[in-house]
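These are my notebook entries on one protein chain. I set down what I looked up, one topic at a time.

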Amino acid sequence: MERKNYNVLGIMSGTSLDGVDIAHVILNYNEGKWQYEINKATTIFYTDEWVDRLKNGVNLNQEELILLDDDYTILLSSLIKQFITENKIDNLDAVCSHGHTILHQPQNKLTLQIGNQPKLAKLTGQRVVCNFRVQDVEMGGQGAPLVPIGDRLLFQEYDFCLNLGGFSNISFEEARQRIAYDICPVNIVLNYYSSQVGLPYDEDGAIARKGKLIEEMLLQLNDLDFYKQQYPKSLGLEYVQREVFPVIDSFNAPIADKVNTFTIHAAMQIANEIKNVKEKGCLLVTGGGAYNTFLIEKIKQLLPDTEVIIPDDRTIQFKEALVFALLGVLRIGGEVNVLSSVTGGKRDHSAGYIYEP
């Protein structure tokens, strides 16, 4: 690929249901290396009504899902247009959007991200690149994680890239292959129990810090079958509802104790995965969980020989939006943007649909 400059938006909505992340990104390719700059970026929070609708999406029938998809596409288009207008952005090469995951059952060759309809391009008046997961799932892959190609191309100076979002996932190089997979749920669980005490999330790990460890709950969580599986592997809301919440809810304990125990559980699973690869290294941590100081303290305690790097706020908050911007640019150029070593698909490929306005 020759030197190229791209002016794009990267858009991400995660399973933690915080809102829609939108980042205006400049990507440059020069002498075999990618560089990025995040110009403007914001998270537009969901209304309570939208949180409920997205949370309930997994229970809808086909007709109801179609309606949800339509409504969400309209919502997304309005947020994109608002962001472009407020930040006076012009001459965009593309809007690169993940959409919002409602169903993720790769074992059944099924994954659904809403908001990826052709009319998103019509409504925004922009070229749209989207629906990055479907092709890989059809090829027998997990359709996830997709961020590791960005880790390889944009953050190659780190031994590990750890994202702490709704789920924790890790990415690293091994034998000249990028390896990546989901480790465990994080914010999707912590936010759920924080909401039971009237808070949207556990800010700075304050709830967990007040709680006490429930030893038996920790043992049961650590014994879940998912942790015994080999990668590639990925997680979804259905797994949490089926396997994780029942364990936690079987204990009659204060919310603070449940949050404390689950936070320690997450730190243990993350540390175990890193130590299994190498004892010493440099770990980049992004995602909303990077602000959870209690969680970060526990990870550091369990990884005394690993340098834990918390980057600048924009990279913490908008790394996934940045990477989906890159995925879209790679797709436009016909370059590989999904790695089979990560997803378990049949081959590396260039995934995503391109829609013109």
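**Entry 1: the open sheet.** I began with a sheet of 5 strands in this model, which is predicted. The sheet is open, its strands follow the order 9-8-7-10-11, and the pairing is mixed. I then asked which strands stand at the edges. They are strand 9 (177-185) and strand 11 (306-309); each has a single partner strand, so one side of each is left without a neighbour in the sheet. On average, neighbouring strands of this sheet are turned by 20° against each other, direction ignored.

I next looked up one pair inside this order. Strand 7 (residues 160-164) pairs with strand 10 (residues 281-286) in the parallel sense, over 4 bridges. As a point of reference on this pair, I noted that Phe160 stands opposite Leu283 in strand 10. For background, I recorded that the strands of a sheet pair through backbone hydrogen bonds, either parallel or antiparallel.

**Entry 2: two hairpins.** I turned to strand 2 (residues 19-30) and strand 3 (residues 33-45), which run antiparallel and are joined by 11 bridges. Across this pair, Ala23 stands opposite Ala41 in strand 3. How many residues lie between the strands of this hairpin? There are 2 residues between them, and Glu31 in this hairpin takes a positive phi near 50°.

The second hairpin I examined is that of strand 4 and strand 5 (residues 110-114), which pair in the antiparallel sense over 5 bridges. The bridge partner of His100 is Ile114 in strand 5. This hairpin has 4 residues between the strands, and here Lys109 takes a positive phi near 55°.

**Entry 3: a helix crossing.** I looked up how helix 8 (residues 215-222) lies against helix 10 (residues 255-277). Their axes come within 10 Å and cross at roughly 40°. That angle makes helix 8 oblique to helix 10, because an angle counts as roughly parallel under 35 degrees. The crossing in which helix 8 passes helix 10 is right-handed.

**Entry 4: the second largest pocket.** I then moved to the open spaces. The second largest pocket holds about 380 Å³ of space. It is lined by 19 residues, and the closest to its centre are Gln107, Phe226, Ser234, Tyr239 and Arg242. Which elements supply at least two residues of this lining? They are strand 4 (94-105), which I had met in the second hairpin, and helix 9 (237-249). Helix 9 gives the most, with 4 residues. By class, I recorded 6 nonpolar, 7 polar and 6 charged residues in the lining of this pocket.

**Entry 5: the enclosed space.** Finally, I looked for cavities. The count comes to 1 cavity of 30 Å³ or more, and about 60 Å³ of space lies in the largest cavity. Its lining includes Pro145, Val147, Pro148 and Asp151, as well as Cys161, Asn163 and Lys319. Helix 5 (148-154), strand 7 and strand 8 (167-174) are the elements that give two or more residues to this lining. Strand 8 provides the largest share, 3 residues. The lining of the largest cavity divides into 6 nonpolar, 3 polar and 2 charged residues. I closed the entry with a link back to the first one: strand 7 and strand 8, which help to line this cavity, also belong to the open sheet of mixed pairing.

Technical notes: Residues are numbered from 1 along each chain as its sequence is written. This is a predicted model: local features need pLDDT of at least 70, side-chain atom pairs count only at pLDDT 80 or more; totals for chains, interfaces and linings use all residues. Side-chain values use heavy atoms; hydrogens and water are left out. On a 1 Å grid over the protein atoms alone, a cavity is a set of points where a 1.4 Å probe fits but cannot get out, and a pocket is an open set with protein on both sides within 12 Å along at least five of seven lines; lining residues have an atom within 4 Å of a point. Grid points are joined across faces, edges and corners, and a volume is the space filled by probe spheres set on the points. Ala, Val, Leu, Ile, Met, Phe, Trp, Tyr, Cys and Pro count as nonpolar, Asp, Glu, Lys and Arg as charged, and the others, Gly among them, as polar. Two strands pair if DSSP finds at least two bridges between them. Axes are lines fitted to C-alpha atoms, for helices over the stretch in contact, and angles run from 0 to 180 degrees between N-to-C directions. Angles under 35 degrees count as roughly parallel, over 145 as roughly antiparallel, 65 to 115 as roughly perpendicular and the rest as oblique. A crossing is left-handed if the near helix is turned anticlockwise from the far one by less than a right angle, and right-handed if clockwise.
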